[in-house]
Amino acid sequence: MQNEKTNPMRHLDKLKIPYEPIHTEGEFVSGLDVAMANGQDPSRVFKSLMTMGKEKCYYCFMVPVTGELDLKKAAASVGEKSVTMLKSDQLLPLMGYVHGGCSPLCTKRPVRIIIDSSATDADYMYFSAGKVGWQMKVNVSDLPKMMEFQYADIRKQIFD
């Protein structure tokens with residue numbers, strides 16, 4: 001089970017981009033709980049939040065688990081008046097992922113990816129490998145090689 005590859009892992013393998021797969025057993029309520037269980041700096045662990053704009057444009061906003069997505073800042077960062085979170089039952093048919101296992105990579109539909117600007121504060125970050133219980137640790141400097149994205153200030157801080 002620990003040697004299984006997810007589509008995002010295969011994507012990085014194909015691009016020859018190094019990453020560290022991390023598998024976490026157990027049931028966790030939040031990304032913050034996962035970070036604590038793995039002894040990770042929570043400010044480096046990012047959750048992928050799938051949203052939709054007015055014209056059915058899809059967006060993946062990535063914010064640290066120490067914060068929440070600020071929907072107003074998020075909408076402004078992509079030139080929308082508003083964005084709404086996709087509901088759990090929409091994730092699998094629209095994105096190919098389930099709640100708690102959404103990755104910005106290898107989505108069913110094209111998504112515009114916006115990463116909170118705090119990602120630039122360190123050399124690495126963690127995000128979902130596309131399956132519940134799986135993460136990838138990647139170098140921030142490799143992000144442009146694996147996906148098109150932009151940085152923006154899109155979070156509300158909830159923990160220090």
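**Exercise 1. Faces of a strand**

Which residues of S3 are buried on one side, and which on the other?

*Solution.* The model is predicted.
- Step 1. Take one face of S3: Tyr58, Cys60, Met62 and Pro64 are buried there.
- Step 2. Turn to the other face: Tyr59, Phe61 and Val63 are buried as well.
- Step 3. Combine the two. Both faces of S3 are covered, and seven of its seven residues are buried.

**Exercise 2. The sheet around S3**

Work out the strand order of the sheet that holds S3, then name its edge strands.

*Solution.*
- Step 1. Start with S2 and S3. Seven bridges join them, and the two strands run antiparallel. Within this pair, Thr51 stands opposite Tyr59 of S3.
- Step 2. Follow the chain between these two strands. They form a hairpin with five residues between the strands. Lys56 there takes a positive phi near 55°.
- Step 3. Add S6. S3 pairs with S6 in the parallel sense, over four bridges. Met62 has Ile115 of S6 as its bridge partner.
- Step 4. Add S5. It pairs with S2 in the antiparallel sense over two bridges. Thr51 stands opposite Met85 in S5.
- Step 5. Write the order: S5-S2-S3-S6-S9, an open sheet of five strands with mixed pairing. The edge strands are S5 (84-85) and S9 (149-152), each pairing on one side only.

**Exercise 3. The three-stranded sheet**

Why is one side of S1 and of S7 left without a neighbour in the sheet?

*Solution.*
- Step 1. Get the order. Three strands form an open sheet, S1-S8-S7, with antiparallel pairing.
- Step 2. Read off the edges. S1 and S7 each have a single partner strand, so one side of each lacks a neighbour in the sheet. From one strand to the next, the twist averages 25°.
- Step 3. Check the pairing of S1 with S8. It is antiparallel, over four bridges. His23 stands opposite Trp134 in S8.
- Step 4. Check S7 with S8. Five bridges join these antiparallel strands. Two residue pairs can be placed: Tyr124 opposite Asn139, and Ser128 opposite Gln135.
- Step 5. Inspect the link. S7 and S8 form a hairpin with five residues between them. In the turn, Gly130 has a positive phi of about 95°.
- Step 6. Place the helix. H1 lies across S1 and S8, at about 30° to S8.

**Exercise 4. His23**

Is His23 buried or exposed?

*Solution.*
- Step 1. Locate the residue: His23 lies in strand S1 (residues 20-23).
- Step 2. Apply the cut-off. Buried means under 20% relative accessible area. His23 has 17%, so it is buried.
- Step 3. Look for a side-chain partner. A polar contact of 3.5 Å joins the side chains of His23 and Glu25.

**Exercise 5. Nonpolar cores**

Describe the largest nonpolar core, and use one of its residues to show the contacts.

*Solution.*
- Step 1. Count the members. The largest nonpolar core has 31 residues. Ile115, Met125, Phe127, Met136, Val138, Leu143 and Met146 have the most contacts inside it.
- Step 2. List the elements that give two or more residues to this core. The helices are H1 (7-14), H4 (88-95) and H5 (143-146). The strands are S2 (46-52), S3 (58-64), S6 (112-116), S7 (124-128) and S8 (134-139).
- Step 3. Set another core beside it. That core lies apart, has 12 residues, and includes Leu69, Val83, Ala152 and Ile154.
- Step 4. Return to Met136 for detail. Residues up to four places away in sequence are not counted. Met136 touches Pro8, Met9, Leu12, Tyr19, Glu20 and Leu105, among others. Its contacts also include Met125, Tyr126, Phe127, Ser128 and Ala129.
- Step 5. Put this in context. In soluble globular proteins, nonpolar side chains tend to be buried together.

**Exercise 6. Cysteines**

How many disulfides does the structure hold?

*Solution.*
- Step 1. Set the limit. A disulfide needs two cysteine sulfur atoms within 2.5 Å.
- Step 2. Test Cys57. Its closest cysteine sulfur, in Cys60, is 15 Å away, too far for a bond.
- Step 3. Test Cys102. Its closest cysteine sulfur, also in Cys60, is 7.6 Å away, again too far for a bond.
- Step 4. State the total: zero disulfides.
- Step 5. Add the accessibility. Cys57 is partly exposed at 34%, whereas Cys102 is buried at 6%.

Technical notes. Residues numbered from 1 in each chain as written. Predicted model: local features only at pLDDT ≥ 70, side-chain atom pairs only at ≥ 80, totals over all residues. Heavy atoms only, no water. Core = buried A, V, L, I, M, F, W, Y, C linked by side-chain atoms within 4.5 Å. Buried < 20%, exposed > 50% of the residue type's maximum accessible area, 1.4 Å probe, protein only. Contact = heavy atoms within 4.5 Å. Polar contact = N/O pair within 3.5 Å; in protein donor to acceptor, adjacent residues only side chain to side chain. Pairing = 2+ DSSP bridges. Axes fitted to C-alpha atoms, helices over the stretch in contact; angles between N-to-C directions.
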